[in-house]
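Here is a friendly walk through one structure, written for someone who would rather be at the bench. Have a look at the sequence and the model before reading on.

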Amino acid sequence: MKITEHIQNAKGKTLFSFELLPPIKGQSIRNIYNTIDPLMEFNPPFIDVTYHREDYIYKEQPGGLLQKVAYRKRPGTVAICAAIMSKYKVDAVPHLICGGFTKEETENALIDLQFLGIDNVLVLRGDPRQTEKTFYPTPGGHEYASDLLQHVVDMNHGKYLHENIDVATDQNSFCIGVAGYPEKHFESPNLETDFKYLKKKIDLGADFIVTQMFFDNEKYRKFVEKCREYDIHVPIIPGLKPITSSKQLISLPKTFHLDFPLELSEAVRACKSEKEVKELGIEWLINQSKELIKMGAPVLHFYTMGNPEPTKRVAEAVF
Ligand code: FAD
């Protein structure tokens, strides 16, 4: 079922969902099940699975020459989505990224998703490679999320890359999500420019927005308000993450380009142990979640990062 239908059917009740990372190559899908199992009691109507760009390593060839080899640390998004749908009977939402794929490869992946009966996708540009500071589009691939979005919208209407096809009436069309940044995307020169491109994604046909994590609900409230000013009326799903260690005071702002409220950062610094930090992070997110429910958030979407326990504690307190 489409995420927009899940939200409509909930009739104003806030839903629970979460995001998973594919395990690192060589690990078992058990890791995924171990994250999902404890969270199923909160009835997630959908579960997201991230996609990750290939990185480069250099391998020495006979004669000492170095050869650049592309590899993915976390492959398997499509297979994991299929496994989730079959085992848990909930909708799986694969993330689709521009980086690392030609348009033809993207189209083939989308056809696989259609055959698997997947109704929703979250379309993204993707992060830069870990070895690079800037995002470089793949030759023959999409540059921005809006380009990829247009591709999915075209396919929904039977317009494939090199031919138009009469789409079978029982073929599922994708409900399409995009990313939104309450604290601005880090490459955007200002908030207005970021909103201009967000609006473009909505005008092209995006059905819902999932936000980057934030720790101050005021940022979400202002973001929703500004979206409405820009005539953006799709559901805006807040992305949430519990703080689990004091190191995250540095790592999260660095990676996700966000601010911690002073009250939270000072409270983390005042903690006497990592156990205390974890408890504080859970308590903070419980309060954030309760307030977001009061604010009418359609879904609370948790970034589990392979650790279900803090999310479970929050969900127990608020759902
Ligand atoms: P875009 O919408 O393409 O925007 C990128 C930048 O370009 C922005 O600054 C925007 O303002 C600007 N821009 C947009 N369109 C244009 C245009 N036409 N011309 C000029 N400038 C433009 N990354 C992954 O690799 N895998 C994942 O699974 C993943 N999941 C995510 C889930 C969520 C909910 C979020 C919020 C992020 C996720 N990311 C993921 C990270 C995301 O890929 C990065 O934040 C990336 O840097 C931007 O992606 P985007 O889709 O917002 O890009």
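What follows is a short briefing on the sheet, the ligand shell and the helix packing.

Please keep in mind that this is a predicted model. Its sheet is open and built from 9 strands, paired in parallel. A ligand is surrounded by 23 residues, and helix 6 gives the most to that shell. Several helix pairs also pack against each other, among them helix 5 with helix 6.

**The sheet**

- If you trace the open sheet from one side to the other, the strand order reads 9-8-7-6-5-2-1-11-10.
- The edges belong to strand 9 (236-237) and strand 10 (239-240); each has a single partner strand, so one side of each is left without a neighbour in the sheet.
- Strand 1 (residues 15-20) pairs with strand 11 (residues 299-303) in the parallel sense, over 5 bridges.
- To find one of these pairings on screen, look for Ser17, whose bridge partner in strand 11 is His301.
- Helix 3 (residues 77-88) lies across strand 2 (46-49) and strand 5 (91-97), and helix 3 runs at about 170 degrees to strand 5.

**The ligand shell**

- Of the 23 residues around the ligand, the closest are Thr50, His95, Arg125, Ala145 and Ala179.
- Which elements give two or more residues to this shell? They are strand 5, helix 5 (145-156) and helix 6 (191-204).
- Helix 6 contributes 3 residues, the most of any element.
- By class, the shell holds 10 polar, 8 nonpolar and 5 charged residues.

**Helix 5 with helix 6**

- These two contributors to the ligand shell also pack together, with their axes 9 Å apart and an angle of about 5 degrees between them.
- That angle is why helix 5 counts as roughly parallel to helix 6.
- On the helix 5 side, the contact is made by Ala145, Ser146, Leu149, Gln150 and Val153, which meet Tyr197, Lys200, Lys201 and Leu204 of helix 6.
- This contact comprises 5 nonpolar, 2 polar and 2 charged residues.
- Ala145 is worth a second look: it takes part in the contact with helix 6 and is also one of the closest residues to the ligand.

**Helix 4 with helix 5**

- Helix 5 has another packing partner in helix 4 (residues 103-115), at an angle of about 50 degrees and with the axes 11 Å apart.
- Helix 4 and helix 5 are therefore oblique to each other, and helix 4 passes helix 5 in a right-handed crossing.
- Lys103, Thr106, Glu107 and Leu110 from helix 4 meet Leu148, His151, Val152 and Met155 from helix 5.
- Sorted by class, this contact has 4 nonpolar, 2 polar and 2 charged residues.

**Helix 10 with helix 11**

- Helix 10 (residues 274-294) packs on helix 11 (residues 308-318) at an angle of about 40 degrees, their axes being 9 Å apart.
- This angle makes helix 10 oblique to helix 11, and the crossing is right-handed.
- Helix 10 brings Lys278, Gly281, Ile282, Leu285, Ile286, Ser289, Lys290 and Ile293 to the contact, where they meet Pro310, Arg313, Val314, Ala317 and Val318 of helix 11.
- The residues of this contact fall into 8 nonpolar, 2 polar and 3 charged.

Key:
Residues are numbered from 1 along each chain as its sequence is written. This is a predicted model: local features need pLDDT of at least 70, side-chain atom pairs count only at pLDDT 80 or more; totals for chains, interfaces and linings use all residues. Axes are lines fitted to C-alpha atoms, for helices over the stretch in contact, and angles run from 0 to 180 degrees between N-to-C directions. Helices (H or I, at least four residues) and strands (E, at least two) are DSSP runs, numbered from the N terminus. Angles under 35 degrees count as roughly parallel, over 145 as roughly antiparallel, 65 to 115 as roughly perpendicular and the rest as oblique. A crossing is left-handed if the near helix is turned anticlockwise from the far one by less than a right angle, and right-handed if clockwise. Two residues are in contact if their C-beta atoms, placed from the backbone, lie within 7 Å. Ala, Val, Leu, Ile, Met, Phe, Trp, Tyr, Cys and Pro count as nonpolar, Asp, Glu, Lys and Arg as charged, and the others, Gly among them, as polar. Two strands pair if DSSP finds at least two bridges between them. A residue is near a molecule or strand if its C-beta atom, placed from the backbone, lies within 6 Å of it.
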